[in-house]
Each structure stands twice: as C-alpha cells, then as structure tokens.
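User: I am new to this structure and would like to learn how to read its main features. Please begin with the idea of burial.

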Amino acid sequence: MELPDSGGLDNDTLYAETHHLVTNGNLEKLSLTKVVKLLEDSLGVSLKARIKFINNEITKIVQRMNSPAASETRQRVQTLRRPLRPRKRKRGTDDDNEVELSPKLQEFFGEESKNLKITRTEAIRRVWSYLKAENLHDSREPHKINVNQKLKKLFGMKEQITIFNFSGMIRDELKTKDHPPMASDT
C-alpha cells in the first residue's frame with residue numbers, strides 16, 4: 001500500500017514526532033531507517049523526500065541529549081520519576097554505641113583521649129586519618145598498610161596489615177558496656 005506524500009506535513013510536527021521517538025527510544029537499537037518507518041506509521045504519510053531533514057534533526061537531538069546540561073536535566077527528571085527511598089538506619093548496632101578506648105588506643109590518640117568515649121566508627125575514622133596523614137599505604141599493594149612504630153604498639157609486631165583486617169583490629173581495642181575488653185587487653 002502506497003502512503004500519500006508528506007507535502008502537507010509541517011516541519012514542527014515532524015520534529016515533535018522525531019524528538020519523541022528518539023528521546024524515548026533505545027538509541028543503540030534505533031537507526032535512521034527505523035525512525036523513518038516509525039514516523040511513517042505514526043503520521044500515515046511517506047517521508048522519503050524528507051529523510052535528509054529527519055537525519056539532521058536526529059543528529060541535533062542526540063547532540064543535545066549528550067550535552068552536560070542535558071545529562072543533568074535527565075538526572076533531575078529521573079529523580080522526579082523515581083525518588084530514592086531514605087535508608088533505614090538500624091538502631092542499636094555497635095557503630096552507634098559509645099565505647100571506652102583500651103589503654104593502647106588511649107596512648108595512640110594521645111592525652112586528650114583519656115576517659116574519652118567515642119563510637120567505633122569515630123575510632124576507625126581517627127586511625128584512618130592518621131594512616132593517610134603518614135602515607136602508610138603500600139604503593140605496590142594498595143590494600144596493605146605499612147605499620148610504623150606507633151602502629152606497632154597498637155597492632156602488635158606485624159610489619160603490614162590489610163585494610164580488610166583493619167576495622168576488626170580496632171574493634172578488638174574497644175570496650176563496650178556489654179562486653180569486657182577483647183583479647184588484646186587480657
């Protein structure tokens with residue numbers, strides 16, 4: 001079946017339909033031929049004479065979609081469509097409770113830490129900031145931490161520790177209300 005010519009179709013209508021198809025379609029699967037076919041089905045007219053115009057409009061639309069302003073707008077629109085649910089915070093975890101520092105940690109943090117009660121997270125954060133300040137990450141193996149004299153007093157005789165064991169070693173130096181000091185203090 002032969003479609004009528006697109007002579008009576010204005011550029012604004014053709015642009016609006018093209019824009020709708022390109023912005024709502026999967027760009028990896030769309031081609032000029034597919035867009036023209038979809039437009040012909042949608043508008044009911046033959047668009048063979050307007051392929052150059054459609055190709056130029058598709059190029060402009062895709063360029064605008066890939067601009068930094070467009071990606072920011074897309075992120076805002078997506079956020080409006082699907083708002084993120086706030087994370088539910090678990091109460092009563094060890095991270096929320098204040099703990100007493102072991103003598104080793106008190107010595108590590110210095111005089112101001114005597115009888116100081118902080119959360120486990122804050123204790124880890126303080127030791128981590130010390131590691132960064134002293135540049136103790138192994139340059140060849142980034143998941144390993146080189147132990148200096150100050151850390152040897154805290155962690156024992158080890159030359160290196162891994163970041164995977166790091167928080168557990170700190171936890172061993174903390175005293176909670178419910179639990180006595182861990183193995184390092186006994």
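Analyst: A residue counts as buried when its relative accessible area is under 20%. The model shown here is predicted. Of the 186 residues of the protein, 27% are buried by that cut-off. The accessible surface comes to about 13400 Å², and carbon and sulfur atoms account for 51% of that area.

User: How many helices and strands does the protein have, and in what order do they run?

Analyst: The protein has eight helices and five strands. From the N terminus on, the order is α-α-α-α-β-α-β-α-β-α-β-α-β.

User: How should the sheet be read, and which strands lie at its edges?

Analyst: In general, strands of a sheet pair through backbone hydrogen bonds, either parallel or antiparallel. Here, three strands form an open sheet in the order β2-β1-β5, and the pairing is antiparallel. The edge strands are β2 (117-119) and β5, each of which pairs on one side only. Strand β1 (residues 98-101) is joined to β5 by two bridges, and L101 stands opposite L174 in β5. Helix α6 lies across β1, β2 and β5, at about 90° to β2.

User: Which residues of helix α8 are buried, and what do they pack against?

Analyst: An α-helix has 3.6 residues a turn, so residues three or four places apart point the same way. In α8 (residues 163-172), the buried residues are F166, G168, M169 and I170. The buried residues of α8 pack against several elements, including α5 (103-109), α6 (120-133), α7 (149-155) and the strands β3 (144-146), β4 (160-162) and β5 (174-175).

How values were computed. Residues numbered from 1 in each chain as written. Predicted model: local features only at pLDDT ≥ 70, side-chain atom pairs only at ≥ 80, totals over all residues. Heavy atoms only, no water. Helix = DSSP H or I, 4+ residues; strand = E, 2+ residues; numbered from the N terminus. Buried < 20%, exposed > 50% of the residue type's maximum accessible area, 1.4 Å probe, protein only. Areas by Shrake-Rupley, 256 points an atom, 1.4 Å probe, with all protein chains shown as cover. Contact = heavy atoms within 4.5 Å. Pairing = 2+ DSSP bridges. Axes fitted to C-alpha atoms, helices over the stretch in contact; angles between N-to-C directions.
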